[in-house]
Amino acid sequence: MSEALVLGGGGVGGIAWITGVLTGLADAGQDVTGAELLLGTSAGSTVSAQLGSGLGLAELYARQVDPALQSAEIMAVMDLEGFAAEIGAAASATASVPELRRAVGRAALAAPTVPEPQRRAVIESRLPSHGWPERTLRIVAVDAESGEPRVFDKDSGVPLVDAVAASCAVPGVWPPVGIDGRRYVDGGVRSMANLDFVDDADRVVVIVPMGMTEPFPSEQPVERSVRELRARGTEVVVVAPDEEARAAIGDNPLDPGTRGPAAEAGRAQGRALRLPWRHG
């Protein structure tokens with residue numbers, strides 16, 4: 001049985017919650033972090049890269065809840081709904097989804113943000129290792145000009161830090177990331193999980209800090225991808241925050257102060273989950 005672990009977007013609060021959920025699952029004898037394929041988008045790209053670093057879950061969890069071990073972060077406010085409304089107002093009523101993504105990219109390129117090197121330093125501090133792991137890790141970002149997704153992996157010739165920074169470049173908040181002469185924004189602009197980039201897996205665990213909701217129009221939303229995988233006979237489990245976790249993540253998942261509470265809520269939720277298959 002081949003397995004995939006798909007981790008979606010949701011800010012630093014989402015990183016902490018995902019880490020907590022994975023730790024809680026392992027506490028309950030259901031460790032899913034050994035999956036053959038790791039697929040990460042935005043916050044999920046960070047956790048996927050961390051899982052490939054060689055650090056165990058106990059250490060990764062400690063990096064979320066122990067202030068002495070937490071990565072250096074920049075405080076920001078995420079208003080994806082407001083940004084999406086701004087894009088919608090500027091775009092034609094007949095615009096296609098790819099055209100809307102290009103509008104998002106144009107707005108992201110024009111938005112005032114912190115300098116790209118300053119943001120890259122944050123991503124560097126998050127990742128225990130800056131090299132690609134040997135196992136399959138895919139990280140999704142979106143070309144700011146074309147609106148097309150790009151899937152980075154160890155064969156892309158792109159540094160892991162750059163791939164994660166691109167996938168985490170929330171439009172209007174963080175600077176688009178330059179790679180190979182192109183500029184990239186958050187993979188969540190296309191889909192919060194980009195689940196359709198999973199192939200040939202018999203079992204898939206999808207962990208989505210923002211649930212099944214897509215903040216931007218998507219031709220491949222999480223819900224549709226789940227249906228398509230199940231129609232192919234793939235076992236799929238989707239984990240979204242419960243009420244306690246939603247409260248812990250709060251209204252601003254980019255607030256570094258959410259990390260401890262979100263990780264703790266995620267761990268409690270993970271311990272209570274029961275997968276349809278068992279992991280030892």
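These legends accompany close-up views of a predicted model.

**Figure 1. The whole chain, with 10 helices and 8 strands.** The chain has a radius of gyration of 17 Å, close to the 19 Å that the globule rule gives for 280 residues, so it is as compact as a globular protein of that length. Its C-alpha trace spans about 50 × 45 × 40 Å along the principal axes. Of the 280 residues, 55% are buried. Among contacts with a separation of 6 or more, 78% join residues 24 or more positions apart. The accessible surface comes to about 11,100 Å². Carbon and sulfur atoms hold 50% of that surface.

**Figure 2. The largest nonpolar core, with 50 residues.** Six residues have the most contacts inside this core: Leu 5, Trp 17, Leu 22, Leu 51, Phe 152 and Ile 207. Helix α1 (residues 11-27) gives the core its largest share, 7 residues. Another core lies apart from it and has 16 residues. Val 140, Val 198, Val 206 and Val 236 are among the members of that other core. In soluble globular proteins, nonpolar side chains tend to be buried together.

**Figure 3. The aromatic pair of Phe 152 and Tyr 184.** A search of the whole structure returns 1 aromatic pair. The two rings, Phe 152 and Tyr 184, meet edge-to-face. Their centres are 5.6 Å apart, and the planes make an angle of 75°. Phe 152 belongs to strand β4 (residues 149-152) and Tyr 184 to strand β6 (residues 182-186), so the pair ties together parts that are 32 residues apart in sequence. Both Phe 152 and Tyr 184 are buried. Phe 152 also appears among the residues with the most contacts inside the largest nonpolar core.

**Figure 4. Arginine charges over the rings of Trp 174 and Tyr 61.** Arg 119 places its charged end over the ring of Trp 174. The distance to the centre of the Trp 174 ring is 4.2 Å. Arg 267 does likewise over the ring of Tyr 61. Here the charged end is 4.7 Å from the ring centre.

**Figure 5. Positive phi at Ser 42 and Asp 180.** Most residues other than glycine have a negative phi. Ser 42 has a positive phi, near 55°. Ser 42 sits in the loop between β2 (37-41) and α2 (43-51). Its relative accessibility is 6%, so Ser 42 counts as buried. Asp 180 is not a glycine either, and its phi is about 55°. Asp 180 is found in the loop between β5 (177-179) and β6. Its relative accessibility is 56%, so Asp 180 counts as exposed.

**Figure 6. Pro 241 and Asp 242, in the loop between β8 and α9.** The loop runs between β8 (235-239) and α9 (243-249). Pro 241 is buried, with a relative accessible area of 9%. Leaving aside neighbours within four places in sequence, Pro 241 is in contact with Trp 17, Val 208, Pro 209, Gly 211, Arg 246, Ile 249 and Gln 269. One of these partners, Trp 17, is also listed among the residues with the most contacts inside the largest nonpolar core. The C-alpha atoms of Pro 241 and Ile 18 are 9.2 Å apart, although 223 residues separate the two along the chain. Asp 242 is partly exposed, with a relative accessible area of 25%. Its C-alpha atom is 8.7 Å from that of Ala 265, 23 residues away along the chain.

**Figure 7. Thr 213, in the loop between β7 (203-207) and α8 (222-231).** Thr 213 has a relative accessibility of 55% and counts as exposed. The C-alpha atoms of Thr 213 and Met 192 are separated by 8.0 Å. Along the chain, Thr 213 and Met 192 are 21 residues apart.

**Figure 8. Glu 59, in helix α3 (residues 57-65).** Glu 59 is partly exposed, with a relative accessible area of 44%. The C-alpha atoms of Glu 59 and Ile 249 are separated by 21 Å. Along the chain, these two residues are 190 residues apart. Ile 249 is also one of the residues in contact with Pro 241.

How values were computed
Residues are numbered from 1 along each chain as its sequence is written. This is a predicted model: local features need pLDDT of at least 70, side-chain atom pairs count only at pLDDT 80 or more; totals for chains, interfaces and linings use all residues. Side-chain values use heavy atoms; hydrogens and water are left out. Rings of Phe, Tyr and Trp (its six-membered ring) pair if their centres lie within 6.5 Å; planes under 30 degrees apart count as stacked, over 60 as edge-to-face and the rest as tilted. Helices (H or I, at least four residues) and strands (E, at least two) are DSSP runs, numbered from the N terminus. Buried means under 20% relative accessible area, exposed over 50%, partly exposed in between (1.4 Å probe, protein chains only). A charge sits over a ring if NZ of Lys or CZ of Arg is within 6 Å of the ring centre and within 35 degrees of the ring normal. The radius of gyration is taken over C-alpha atoms; the globule rule is 2.2 Å times the number of residues to the power 0.38. Contact means heavy atoms within 4.5 Å. Accessible areas come from the Shrake-Rupley method with a 1.4 Å probe; for residues, only the protein chains shown count as cover. A nonpolar core is a set of buried Ala, Val, Leu, Ile, Met, Phe, Trp, Tyr and Cys residues joined through side-chain atoms within 4.5 Å.
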